[in-house]
Amino acid sequence: MELSVAALTAVRLAFTNCAYCNPEDHAAAGLRAGEEYVEVLGHVYTLKGAPDVARGTLALSNMQRNFLRVEQDQVVRVTPVRMPRDETLYLDAMDIGIALLRRGGGGSEVSIDCRELTADLCQAFGGQILECGMNLAFKFRGENVRLVVNSVTHMPQVSGEAQAEASKAASPIIDRLKGGAGGMLAKSTSMQFSKMDASPLRLTGQATRKSASKMIDTNFEKLGIGGLNKEFGDIFRRAFVSRILPPEVVRKLGIKHVRGLMLYGPPGCGKTLIARQISKVLQGGENAREPKIVSGPEVLSKFVGQAEENVRQLFAEAEAEQAEAGDDSELHVIIFDEIDAICRQRGTKRDGTGVGDSVVNQLLAKIDGVNSLNNVLLIGMTNRLDMIDNALLRPGRFEVQMEIGLPSEEGRMQILNIHTKNMRETGALGEDVDLAALARDTKNFSGAEIEGLVRSAVSFATNRHVNAEDLSKLMDADRIVVSGNDFDAALDEVHPAFGVQAHEELKSLYRNGVIPFSDASRHVENTLQALADQSLHSPRTPLLSVLLSGEKGCGKTAVMAKMAAESGFNFTKVVTADSMLGYSENQKCSQIAAIFEDAYKSPISLIVFDDIERLIDYVPIGPRFSNLVLQALLVLINKPPPREDRKLMVLGTTSVPHLLQDLGLVQVFNVELAMPLLDTSEAVEEVIRFLVDQSRADQGEDLRISDNELQAIARDCKKPIAVKKLLVVLEMARQGNEEITVSRFQECLMSIGYSG
């Protein structure tokens with residue numbers, strides 16, 4: 001039927017959101033109970049009869065006429081619509097703007113309980129079709145309010161017969177509603193309210209805010225983040241959970257939201273990735289507030305005062321929204337990458353401009369100044385937490401400092417799963433690839449280094465399919481498979497920055513092997529290995545230090561290097577004097593302190609100081625030594641790791657323990673072991689027989705010596721001799737001779753100054 005648009009005959013009808021016509025027109029349209037939905041200009045309304053409405057007219061409120069864009073006396077076509085009663089049309093959640101309907105605005109503040117308002121709206125408008133952009137007038141507890149539907153979410157899809165029945169009743173209007181334009185209000189529909197203007201309105205009992213609540217249900221492994229479950233749990237608990245609570249609950253508890261989160265740790269462990277994915281999650285949704293991402297150096301400017309202005313601009317939107325919406329303001333996230341560039345300790349920059357100090361002061365004033373903001377969350381990222389100004393790290397500012405460290409074995413497994421997901425799904429990952437074994441073999445790999453490992457393995461696999469004659473073509477490109485051998489080759493190519501020292505470098509320190517020539521030497525090796533096992537496995541030994549002493553060439557370094565290469569420490573670093581040649585005292589102290597800091601980043605670490613007297617520049621004449629380096633070693637060797645889940649073993653070697661005794665350096669070690677010399681003929685014979693057997697196995701009997709000559713040589717070594725010196729003498733004796741004799745060996749002994 002066609003009706004002429006008219007105004008409502010009573011103000012109370014405006015609060016029902018229904019369209020009205022004369023009962024005779026209602027009956028003439030053939031509408032019965034339950035079939036009172038009509039289409040008007042492509043939109044669905046509930047049509048009711050009212051005796052005081054003139055025949056041939058359709059009474060609409062002013063808000064309804066504005067929504068339909070019609071004027072009074074305009075003729076519109078009204079068509080009955082059969083609405084399917086299936087769950088796909090019911091609304092699960094709504095986002096609604098709210099404002100007071102007052103002439104002239106102003107007046108005293110009105111408090112509205114959002115839970116009660118939701119219940120009243122579901123009772124009053126239940127069963128009606130509500131569409132996005134629709135304006136509603138409602139009387140709540142004596143106050144007239146205006147509501148605007150911003151967005152809607154439907155119930156989950158049904159299946160089976162109910163879905164088939166719903167499909168039969170489908171129409172263009174219903175399809176549009178189900179597509180997100182609107183739906184039917186149910187008693188269970190949840191509502192999220194936000195103020196639309198500066199009305200003196202305070203919302204209480206509010207449902208969770210969208211920006212914060214998005215973080216709780218996010219599966220970050222699907223976003224490409226692995227190995228950081230604990231860190232994310234702590235971030236949510238400290239930074240986001242309080243923002244989900246209704247404002248009145250926060251006021252009741254008397255707490256303030258966390259305003260700052262500082263992520264720090266080694267490069268490549270996921271700090272920037274975390275911030276990037278948090279940004280993606282918070283950007284999701286039509287009304288979400290997009291985070292601001294700024295690099296620290298971008299804030300700086302060559303113009304006076306411009307850097308401080310740049311900081312103020314970052315907070316301008318948050319200030320405006322808090323002034324307008326108060327506690328209902330949405331969360332504003334500002335992400336600072338490389339924040340140490342602008343927030344260094346005040347007074348440390350000597351550029352004469354004072355810009356760095358002014359930027360820090362401006363940031364402090366905005367975060368927690370007199371007019372501090374409660375609707376901001378700052379996320380800072382840095383590799384150098386020690387450089388950040390201490391005032392920024394106190395509670396109320398960047399109070400949550402989260403270390404994003406190297407992933408555990410479980411975390412490495414997650415990261416490997418993420419980076420090999422496409423290969424597994426497309427069949428490009430070989431069946432012989434054991435990801436669990438790779439997770440065990442990648443100790444101290446960061447997330448970025450694991451990604452690099454996978455890329456390296458793929459490069460080996462693709463290289464097999466390169467046509468050497470035509471590099472632009474691939475041979476059997478569809479059959480590229482990354483095998484276990486490719487990952488083995490990648491492990492030899494990609495090494496962790498904070499991991500075990502290169503195996504080849506350690507192996508070069510005991511290239512001739514370690515010869516157990518006596519009970520005393522075997523005791524040293526076994527004791528050292530037992531102490532390493534204790535450091536690796538004992539929960540009550542966070543710090544263990546061992547000093548291995550002995551004369552020059554007795555095999556200290558070889559025993560130490562063999563233990564370091566085979567014990568399984570996550571982080572191994574051998575510090576030698578030649579690695580610090582030309583360093584000043586201050587540079588040496590900084591380098592040693594940095595090595596300890598790197599060690600603390602790993603769960604179980606080993607630091608070896610080889611020839612410790614050379615590191616402190618010790619000379620017995622005087623005596624002379626570097627007191628700064630000595631004091632650094634005295635402090636750091638005796639300092640337990642700063643975290644309970646970190647363990648450290650320190651191993652030192654020295655040839656002059658009696659001279660270092662007075663310096664107090666020997667006393668800082670928990671255990672002192674002495675490496676013996678070859679002091680018996682049996683020990684010398686054991687070493688020579690070992691070398692002969694090794695020569696036969698590796699070089700085809702290159703070392704020749706008869707048993708009688710061997711025993712005679714062993715008897716001639718009446719004075720203790722270092723194993724390294726014995727090896728030198730044997731090599732001298734074998735040069736140009738088919739077989740080593742006693743006379744030749746004695747001649748070589750005399751040539752190196754050995755007598756007895």
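Tutor: Let's start with a yardstick: buried means under 20% relative accessible area, exposed over 50%, and partly exposed in between (1.4 Å probe, protein chains only). The model is predicted, with pLDDT of at least 70 needed for local features and 80 or more for side-chain atom pairs, while totals for chains, interfaces and linings use all residues. Residues are numbered from 1 along each chain as its sequence is written, and side-chain values use heavy atoms, leaving out hydrogens and water.

Student: Why is Ile-255 called buried, partly exposed or exposed?

Tutor: Ile-255 has a relative accessible area of 37%, which falls between the two cut-offs, so Ile-255 is partly exposed. You will find Ile-255 in the loop between helix H8 (247-253) and strand S15 (260-264); helices (H or I, at least four residues) and strands (E, at least two) are DSSP runs numbered from the N terminus.

Student: What makes the nonpolar surface patch there?

Tutor: Leu-245, Leu-253 and Ile-255 make a nonpolar patch of about 240 Å², with areas taken from the Shrake-Rupley method, where only the protein chains shown count as cover for residues. Patch residues have over 30% relative accessible area and no salt bridge, with like charges joined within 9 Å and nonpolar side chains (Val, Leu, Ile, Met, Phe, Trp, Tyr) within 5 Å. Ile-255, at 37%, passes that area test.

Student: Which residues gather in a patch of negative charge?

Tutor: Glu-431, Asp-432, Asp-434, Asp-441, Asp-488, Asp-492 and Glu-493 do. Asp and Glu count as negative, Lys and Arg as positive, and His and the chain ends are not counted; each charge is placed at NZ of Lys, CZ of Arg, CG of Asp or CD of Glu. Helix H17 (residues 484-493) gives the most to this patch, with 3 residues.

Student: How do you know whether Glu-431 is buried or exposed?

Tutor: The relative accessible area of Glu-431 is 83%, over the exposed cut-off, so Glu-431 is exposed. Glu-431 sits in the loop between helix H14 (421-426) and helix H15 (435-441).

Student: Why is the pairing of Asp-486 with Arg-464 called a salt bridge?

Tutor: The term asks for a side-chain nitrogen of Lys or Arg within 4 Å of a carboxyl oxygen of Asp or Glu. The closest N and O atoms of Asp-486 and Arg-464 are 2.6 Å apart, so the pair qualifies. Asp-486 lies in helix H17 and Arg-464 in the loop between helix H16 (447-463) and H17, so the bridge ties together parts that are 22 residues apart in sequence. Asp-486, at 4% relative accessibility, is buried, whereas Arg-464, at 45%, is partly exposed. The structure holds 22 salt bridges.

Student: What makes the phi of Asp-617 worth a look?

Tutor: Most residues other than glycine have a negative phi. Asp-617 is not a glycine, yet its phi is positive, about 55°. Asp-617 lies in the loop between helix H22 (612-615) and helix H23 (627-637). Asp-617 also forms a salt bridge with Lys-588, the closest N and O atoms being 3.0 Å apart. That pair links distant parts of the chain, with Lys-588 in helix H21 (residues 585-600), 29 residues apart from Asp-617. Asp-617 is partly exposed at 38%, while Lys-588 is buried at 6%.

Student: Where is Arg-69 found, and what is its phi?

Tutor: Arg-69 is in the loop between helix H2 (62-68) and strand S6 (75-80), with a positive phi of about 60°. Its relative accessibility is 77%, so Arg-69 is exposed.

Student: What makes Glu-403, Arg-643, Asp-645 and Arg-646 one network?

Tutor: Begin with Arg-643 and Asp-645, whose side chains meet in a salt bridge (2.6 Å, N to O). Salt bridges that share partners then join Glu-403, Arg-643, Asp-645 and Arg-646 into one network. Arg-643 is partly exposed at 32%, and Asp-645 is partly exposed at 41%.

Student: How many residues of the chain are there, and what share is buried?

Tutor: The chain has 756 residues, and buried ones make up 49% of them. Its secondary structure comes to 28 helices and 24 strands. One of those helices, H27 (residues 723-734), holds Lys-725, whose C-alpha is separated by 6.5 Å from that of Gly-553, 172 residues apart along the chain.

How values were computed:
Accessible areas come from the Shrake-Rupley method with a 1.4 Å probe; for residues, only the protein chains shown count as cover.
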